[in-house]
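The following note sets out points on the model for a colleague's consideration. The points are numbered for ease of reply.

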Number of protein chains: 2
Amino acid sequence: MIGYSPSETARLSGFSLDTLRYYEKIGLLSGVGRTSGGRRVFTDDDLGWLGLFRCLRDTGMPIAQMCRYAELAREGEHTARERQELLERHAERVEEQMALLRRQYDHLRDKIRYYQGVAEGVRAR
Amino acid sequence: MIGYSPSETARLSGFSLDTLRYYEKIGLLSGVGRTSGGRRVFTDDDLGWLGLFRCLRDTGMPIAQMCRYAELAREGEHTARERQELLERHAERVEEQMALLRRQYDHLRDKIRYYQGVAEGVRAR
DNA sequence: TTCCAACCTGGAGCGCGCTCCAGGTCAAGC
DNA sequence: GCTTGACCTGGAGCGCGCTCCAGGTTGGAA
């Protein structure tokens, strides 16, 4: 189990140093190790969590809900069911989000096709 | 060409009254009509614009860019090309956004499947 | 005529998710 | 030992996109 410096972790996770500190401050990331001098040392496990947070953030989960998830995980195995449900509800919202995005993307493409039509009309005349 | 009251417009567009006023204030929506008493009267054209704004917002376009688009449209036909390019660049970003969302959704589904495995006896984080 | 709900304006406030800053500490290389 | 850059903490600030508020006006129904 190797340790990663803050800047390495930032690079590997794609989160900024400030965001890493922020996530720890609000209790999203907990139990981050320190050197004798007080500097953070992140583990592969921490990187695993950060990967999950990246996934959840990219799919639009609010931070408060990620905190809830992390808290449940800390409580132990008996919360597995609840965590699963939380993720499933989120996945459903993501499905809706994807459907909306696709619909609006199609509208956007229609609009662009309209501009292409205008361009051809001008050329025809 | 009928006119719509603010509350009707809010209902039809899905934007709140405050948001309609805000969009006018920042110059996104311009030339909104008034009654003699100073109340807003929205037209079908305004609703068309609001529909476009809804599409652009839902696909993540920043308001500043929508303002830019609206401004170009006000300048006349000779900006059509630039408007088209603006929309095309946006559409490309939306494609990336959709691809990312799909990728992260798949990760999320993996994670959920993992929990389903736990229910069958495997150990989870 | 009176009522009251819908509307007006200008401007302050908010929730989110960071991001930046001041003022200090730590540790690797010269 | 000294320099330098990465890191520390607590807390303030920011950008976005609204949202709310105070205090006043309008206009259709009873």
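1. In this predicted model, the side chain of Arg39(A) places an N or O atom 2.8 Å from a base oxygen of DNA strand C. Arg39(B) also addresses a base: a polar atom of its side chain lies 3.0 Å from a base nitrogen of DNA strand C.

2. The backbone of the strand is contacted as well. Tyr23(A) has a polar side-chain atom 2.8 Å from a phosphate oxygen of DNA strand C. Of the atoms of DNA strand C that lie within 4 Å of the protein, 68% are sugar or phosphate atoms, and the rest belong to bases.

3. Around DNA strand C there are 19 residues, of which Tyr23(A), Arg39(A), Arg34(B), Arg39(B) and Arg40(B) come nearest. By class, this surface comprises 8 charged, 6 polar and 5 nonpolar residues.

4. Which helix gives the most to the surface near DNA strand C? It is α2(A), with 4 residues. At least two residues each come from α2 (17–25) of chain A and from α1 (6–13) and α2 (17–25) of chain B.

5. Chain B superposes on chain A after a rotation of 180° with 0.0 Å of shift along the axis, the RMSD being 0.1 Å. This is therefore the relation of a two-fold axis. Within chain B, Met98(B) has the C-alpha nearest the axis, at 3.5 Å.

6. Of the interface residues of chain B, 94% are also interface residues in chain A, so the copies meet through the same surface.

Technical notes: Residues numbered from 1 in each chain as written. Chains lettered and ligands numbered in written order. Predicted model: local features only at pLDDT ≥ 70, side-chain atom pairs only at ≥ 80, totals over all residues. Heavy atoms only, no water. Near = heavy atom within 4 Å. Polar contact = N/O pair within 3.5 Å; in protein donor to acceptor, adjacent residues only side chain to side chain. Nonpolar A, V, L, I, M, F, W, Y, C, P; charged D, E, K, R; others polar. Least-squares fit on C-alpha atoms with pLDDT ≥ 70 in both. Contact = heavy atoms within 4.5 Å.
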